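The following note sets out comments on the structure shown below. The points are numbered, and each may be read against the coordinates.

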Amino acid sequence: MTALILVILTVVLTLAGLEPLNRMADAWDPDLLPADWQEIRGRWQNLHLVRTGLALAAFACLLIVQTFDRV
């Protein structure tokens, strides 16, 4: 159950946090970046780090359950 919650949080974070930032960055002209592009990139990196942690935690939960299920 914990793994499922973590996966759902991963999807929600992707759709609500990362996708809007991705769409914003896709619209940028590489020669005319906005003044706050480094802040936006930092937010994207932090959200990506959290998403990766959630996905790894979900995977770890599944590995633990699989290990104990075999015993």
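1. Salt bridge. The structure, which is a predicted model, holds one salt bridge. The partners are the side chains of Arg43 and Glu39, which meet at 3.9 Å, N to O. With the cut-off for a salt bridge set at 4 Å, the pair of Arg43 and Glu39 qualifies at 3.9 Å. Side chains of opposite charge can pair when their charged atoms come close.

2. Setting of the salt bridge. Both Arg43 and Glu39 belong to helix α2, where four residues, about one turn of the helix, lie between their positions in the count along the chain. Arg43 is partly exposed, since its relative accessible area is 39%, a value that falls between the limits of 20% for buried and 50% for exposed.

3. Helix α2. This helix covers residues 37-70. Its 34 residues reach 49 Å from the first C-alpha to the last, which is close to the 50 Å expected at 1.5 Å a residue. The buried residues of α2 are Ile40, Leu54 and Ala58. Which helix is included in what covers the buried residues of α2? The cover includes α1, residues 2-26.

4. Thr52 and Leu49. Two further positions in α2 deserve comment. Thr52 is placed in helix α2 and counts as partly exposed because its relative accessibility is 32%. The C-alpha atoms of Thr52 and Glu39 are separated by 20 Å, with the two residues 13 apart along the chain. Leu49 is also found in helix α2. Is Leu49 buried or exposed? Leu49 counts as exposed, because its relative accessibility is 60%. From Leu49 to Thr2 the C-alpha to C-alpha separation is 19 Å, and the two are 47 residues apart in sequence.

5. Leu18. This residue lies in helix α1. Leu18 is buried, because its relative accessible area is 2%, against a limit of 20% for buried residues. Which residues does Leu18 touch, when those up to four places away in sequence are not counted? They are Leu13, Trp44, Leu47, His48 and Arg51. For one of these, His48, the C-alpha separation from Leu18 is 7.3 Å, although the two are 30 residues apart along the chain.

6. Gly17. Helix α1 also holds Gly17. Gly17 is buried, because its relative accessible area is 16%. Apart from neighbours within four places in sequence, Gly17 is in contact with Val12 and Leu47. Leu47 is also among the residues that Leu18 touches. The C-alpha atoms of Gly17 and Gly53 are 15 Å apart in space, and the residues are 36 apart in sequence.

7. Thr14. The place of Thr14 is in helix α1. Thr14 is buried, because its relative accessible area is 18%, which is under the 20% limit. Leaving aside neighbours within four places in sequence, Thr14 is in contact with Glu19 and Arg51. Arg51 appears as well in the list of residues touched by Leu18.

8. Thr10. Like the residues just discussed, Thr10 lies in helix α1. Thr10 is buried, because its relative accessible area is 12%. What does the side chain of Thr10 reach at 2.8 Å? The partner is the backbone oxygen of Leu6. Residues up to four places away in sequence not being counted, Thr10 touches Arg51, Leu54 and Ala55. Of these, Leu54 is one of the buried residues of α2, and Arg51 is also in contact with Thr14.

9. Leu4 and the nonpolar patch. Leu4 is found in helix α1 and counts as partly exposed because its relative accessibility is 49%. Leu4 contributes to a nonpolar surface patch of about 610 Å². The patch is made by Met1, Leu4, Ile5, Ile8, Leu9 and Val12. Val12 is also in contact with Gly17.

10. Points to check in the display. In α1, Thr10, Thr14, Gly17 and Leu18 may be inspected as buried positions. Arg51 may be viewed alongside its contacts, which include Thr10, Thr14 and Leu18. On the side of α2, the salt bridge between Arg43 and Glu39 and the exposed Leu49 may be viewed in turn.

Note on methods: Residues numbered from 1 in each chain as written. Predicted model: local features only at pLDDT ≥ 70, side-chain atom pairs only at ≥ 80, totals over all residues. Heavy atoms only, no water. Helix = DSSP H or I, 4+ residues; strand = E, 2+ residues; numbered from the N terminus. Buried < 20%, exposed > 50% of the residue type's maximum accessible area, 1.4 Å probe, protein only. Expected span 1.5 Å × (residues − 1). Contact = heavy atoms within 4.5 Å. Patch = residues over 30% accessible without salt bridge, like charges linked within 9 Å, V, L, I, M, F, W, Y side chains within 5 Å. Areas by Shrake-Rupley, 256 points an atom, 1.4 Å probe, with all protein chains shown as cover. Polar contact = N/O pair within 3.5 Å; in protein donor to acceptor, adjacent residues only side chain to side chain.
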